[in-house]
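User: Please take a close look at one part of this protein: the shell around the ligand. Then show how that part fits with the domains.

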Amino acid sequence: MEEDNYFDACVIGSGMAGLTTASLLAQQGLKVGVLEQNWLPGGCTSSYWRKGFVFESGATTLVGLERNMPLGYLTKKTGIEISAKKLALPMQVHLKNGTILNRYHNLEEWIKEAEAKFGKKNQRKFWELCFKISEFVWDTSLKQKMFPPEKMVDLINAAKNASLKQVKFIPYAFMSMKALLKKLDLLDNQYFVDFCNEQLLITAQNHIEEVNVLFGATALCYTNYPNYYVDGGLINLVNPFVDYIENKHGKVILRCGVEKISKKDGLYHIQTKKKGNFKCEYLISSIPVNNTLELLDFEAKPQFKKGLLESKRLNSAFQMGIGFQSDKKFDAIHHQLHLETPLPEVGSASIFISLSHETDTTRADEAGHKVASVSTHVHDPENNFIENKEKAENAVIDKLESLGFLKWEDIKYMHSSTPKAWHKWTRREFGFVGGYPQYMSIKPWQMLGARLDGQKAYLCGDTTYPGQGIPGATLSGIIAFEKLAKDHL
Ligand SMILES: Cc1cc2nc3c(=O)[nH]c(=O)nc-3n(C[C@H](O)[C@H](O)[C@H](O)COP(=O)(O)OP(=O)(O)OC[C@H]3O[C@@H](n4cnc5c(N)ncnc54)[C@H](O)[C@@H]3O)c2cc1C
């Protein structure tokens, strides 16, 4: 056996989930190899330079750096330092009728804004309840790090950390956001319903009918937690984790696509296309469960096959990176724009635009240039090809121009990507991104567990902690580590 190709633990994929588990294992003294097929780390949370601008690969908004949230917990535990600045105003939402909502971080300010723009009826009740639930979910998720329970040891752990309060909140897992809106007599407030639907789509990947109140309330309160910006793009959130792993004698190996994984003599054997073969005692797959099962030459636990979601229950993204000249001052860097008619070719009812921060001079080579990252959902990516990209691009730019974000003539460079590009960038089946959406038929405790084969292989990533973006992916990585550590270390 070539010593160089042996790691105590191999992590497949260097997205936020994989880097989380890898860092925690490295902290325990394990020699960790992270095998990444792309030429850059980070997967859906990354940034790349092109034609004088630094573009984001996917994620642009960032929450969860507080100590009771996943990234805050992780950075405190490992000592990894993230340089991020807090945004004064997390987001603006532009409704179809031209109304602009400021999504203030402060709950009281936000309730007043919601009452002013949607009418007073039950807004306070709705948001106070949502925030209470959201606080509960974040607090509980870090207390219940063996969730969902798969073994007796997880149940014992769950019971040890359980409280009466946790039991009190369980009914919200059975209630949809639509039912909550109905209960509070808010369903005939069409602008508010559209608002909830489009906001849920970016944080829970689904609409009011399919998102339970536990996750839905947490998703809607995303902007009521401090939101951050990282200079130079989110690759600078990822790089400190890569450095940490490498400083602890691990390796993050790029252009290292895994083709097949088998089991022999108590070790996992990993075949890659370009970087040879690897062996390890512990295996952690941080790629979607759909892709993971394709690689395995051995049986995973049956729950994984049963839990697979097909393309028509998934989303991908149509995305644009735009470099443009502008000296305009914006009140917020993140904006959701609701559309009067669905975006041609794509079919989505809203687009999301994130601007580079005005104090960040590292996103563009030339002073006075800014970057806009635009993304929108593409449902059922296997069957939605987006044949005429230009038509969708034109509609996006026209919308941005009509709202005063930029002018056609100020654009210096732009490019766009479809589900096909996502498949190429991340290898994710059908190019689906954003994780598994929330569905009412899947209760929180029915989420995919982390124990892949019941032995020394584990799974994390945004298919195991559905629809909550970077915080969810990070939490899934923490949970995979906790279960592995409890089982073996
Ligand atoms: C357009 C878009 C916008 C988003 N916006 C936000 C946002 O604003 N805020 C937020 O919090 N979240 C956002 N998200 C969601 C968030 O980015 C993801 O949920 C999260 O980054 C997923 O992390 P992950 O580690 O689970 O998966 P990934 O990021 O997909 O990481 C998996 C990694 O595995 C690699 N890989 C795949 N197959 C193999 C193989 N066979 N061998 C080796 N390596 C392999 C991939 O290249 C990839 O790097 C957005 C996502 C997208 C796509």
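Analyst: Domain bounds here come from an automatic or database domain assignment. This is a predicted model: local features need pLDDT of at least 70, side-chain atom pairs count only at pLDDT 80 or more, and totals for chains, interfaces and linings use all residues. Residues are numbered from 1 along each chain, as its sequence is written.

The assignment gives domain 1 (3-47 + 62-84 + 233-309 + 436-488), domain 2 (88-225) and domain 3 (311-431). Domain 1 and domain 3 each give at least three residues to the shell around the ligand.

Now the shell itself. It holds 37 residues; a residue is near a molecule if its C-beta atom, placed from the backbone, lies within 6 Å of it. The closest are Gly13, Gly15, Gly43, Gly58 and Gly469. Three elements, α1 (16-27), β14 (315-325) and α15 (469-488), supply at least two shell residues each. Helices (H or I, at least four residues) and strands (E, at least two) are DSSP runs, numbered from the N terminus.

By class, the shell has 21 polar, 12 nonpolar and 4 charged residues. Ala, Val, Leu, Ile, Met, Phe, Trp, Tyr, Cys and Pro count as nonpolar, Asp, Glu, Lys and Arg as charged, and the others, Gly among them, as polar.

Next, domain 3 and its contacts with domain 2. Their C-alpha centres lie 26 Å apart. In domain 2, 14 residues are in contact (C-beta atoms, placed from the backbone, within 7 Å) with 14 residues of domain 3. On the domain 2 side, α8 (190-204) and β7 (91-94) each supply at least two residues. The most come from α8, with 5 residues.

Notes: Contact = placed C-beta atoms within 7 Å.
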